Amino acid sequence: MKAAVVRAFGEPLVIEERPDPEPGVGQVRIRVEASGLCHTDIHAAHGDWPIRPNPPFVPGHEGVGVVEELGEGVTHLKVGERVAVPWLGWACGRCEHCLSGWETLCDRQVNTGYGCDGGHAEKMLAWADFAQRVPHGISALEAAPLTCAGVTTYKALKVAQVRPAQLVAVSGIGGLGHLAVQYAKIAGAQVAAIDVTDDKLELAAELGADLVIDARKDDVGEVLRRYGGAHAALALAVNDAAFEAVNAGLRRGGRLVMVALRAHGTVRVPIFDTVLNGTSVIGSIVGTRQDLAEVFQLHAAGRTRVICETRPLSAVNESIDEVLRGQVKARIVFDLGAGR
């Protein structure tokens with residue numbers, strides 16, 4: 001099989017031939033049809049974060065494909081079923097976090113494309129209990145971005161406790177942000193979309209944003225306060241100043257939900273204003289298996305649109321460069337057979 005492999009941090013990925021992986025106990029082998037390119041893949045390939053993966057490894061945690069072999073003990077999946085493999089590749093199922101519905105906080109978790117090989121390959125392994133069935137009617141190319149970008153923003157809105165008629169600010173309209181706008185509208189919120197590129201602001205308006213704010217020329221906090229302030233703000237732009245800008249636009253009791261995982265970012269939170277106004281700063285990391293099931297249900301019901309561009313796996317390095325230059329409207333998905 002072909003795989004895009006990180007051989008050394010900061011170096012171009014290498015397309016190489018590897019033997020088909022053999023599923024162990026509780027695992028399945030998947031013939032990958034589509035694999036989304038997330039900014040996290042780039043952080044992994046560059047070794048940006050304090051906890052680093054161990055090269056050589058295959059990144060990718062938006063892998064979608066067809067089960068082709070079952071490991072010992074797997075009975076609930078069948079060969080030929082389409083499944084998605086998210087960032088949360090495995091969790092222990094026994095700790096307080098897993099048992100209380102917060103498996104994404106499990107201390108022992110294994111992350112796909114980081115702690116084990118991921119989806120930027122023609123075939124991959126997955127723990128069967130964490131491979132999510134993709135409902136009929138959802139293509140592999142659509143399912144791939146939903147597997148991380150979708151479930152991450154969907155969960156962030158839950159964490160933000162968004163209710164109908166509230167004002168929600170979405171900072172950063174891209175792979176995650178274009179889905180966040182849609183989930184906020186589904187929740188009945190008024191949406192303020194914030195970005196620094198014309199095409200992304202236009203996309204946000206097309207997807208239902210009630211207000212678009214161009215952070216190149218507008219004071220984000222001031223504009224939000226003009227509308228009473230945001231009840232919640234999702235910080236999706238990988239930029240310290242963008243975090244602080246939306247935090248400044250919260251109303252009393254508002255919640256800043258940090259989602260973008262900047263490698264060495266620091267946000268200044270004014271103590272006086274935070275205490276006086278009763279605002280909150282919260283971190284939100286991906287979503288659970290149940291969250292992903294709900295994301296797929298919404299998409300199957302026609303409630304969301306996935307905006308993506310396809311590339312062959314051989315274009316992985318050029319695609320990474322496009323993302324870093326801000327030239328991708330929403331999501332790049334590697335087509336490993338879904339389009340054929």
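This report covers two pockets and two buried residues in a predicted model.

Residues are numbered from 1 along each chain as its sequence is written. Local features need pLDDT of at least 70, side-chain atom pairs count only at pLDDT 80 or more, and totals for chains, interfaces and linings use all residues.

**Pockets**

A pocket is an open set of points on a 1 Å grid over the protein atoms alone, where a 1.4 Å probe fits, with protein on both sides within 12 Å along at least five of seven lines; lining residues have an atom within 4 Å of a point. A volume is the space filled by probe spheres set on the points.

| Pocket | Volume | Closest to the centre |
|---|---|---|
| Largest | About 1,000 Å³ | His 39, Leu 236, Ala 237, Val 238, Ala 260 |
| Second largest | About 610 Å³ | Trp 49, Ile 51, Trp 87, Leu 261, Ile 285 |

The largest pocket is lined by 45 residues. Helix 7 (240–247) gives the largest share of that lining, 4 residues. Helices here are DSSP runs (H or I, at least four residues), and strands are E runs of at least two. The second largest pocket has 29 lining residues. Strand 7 (110–111) and helix 7 each supply at least two of them.

**Two buried residues**

Thr 40 sits in helix 1 (residues 39–46). Its relative accessible area is 15%, so Thr 40 is buried (under 20%, with a 1.4 Å probe and protein chains only). Beyond four places in sequence, Thr 40 touches Trp 49, His 61 and Trp 87 (heavy atoms within 4.5 Å).

Gln 27 lies in strand 3 (residues 27–37). Gln 27 is also buried, at 13% relative accessibility. A polar atom of its side chain lies 2.8 Å from the backbone nitrogen of Gly 24.

Methods
Side-chain values use heavy atoms; hydrogens and water are left out. Buried means under 20% relative accessible area, exposed over 50%, partly exposed in between (1.4 Å probe, protein chains only). A polar contact is a pair of N or O atoms within 3.5 Å; within protein, one must be able to donate a hydrogen and the other to accept it, and residues adjacent in sequence count only if both atoms are side-chain atoms.
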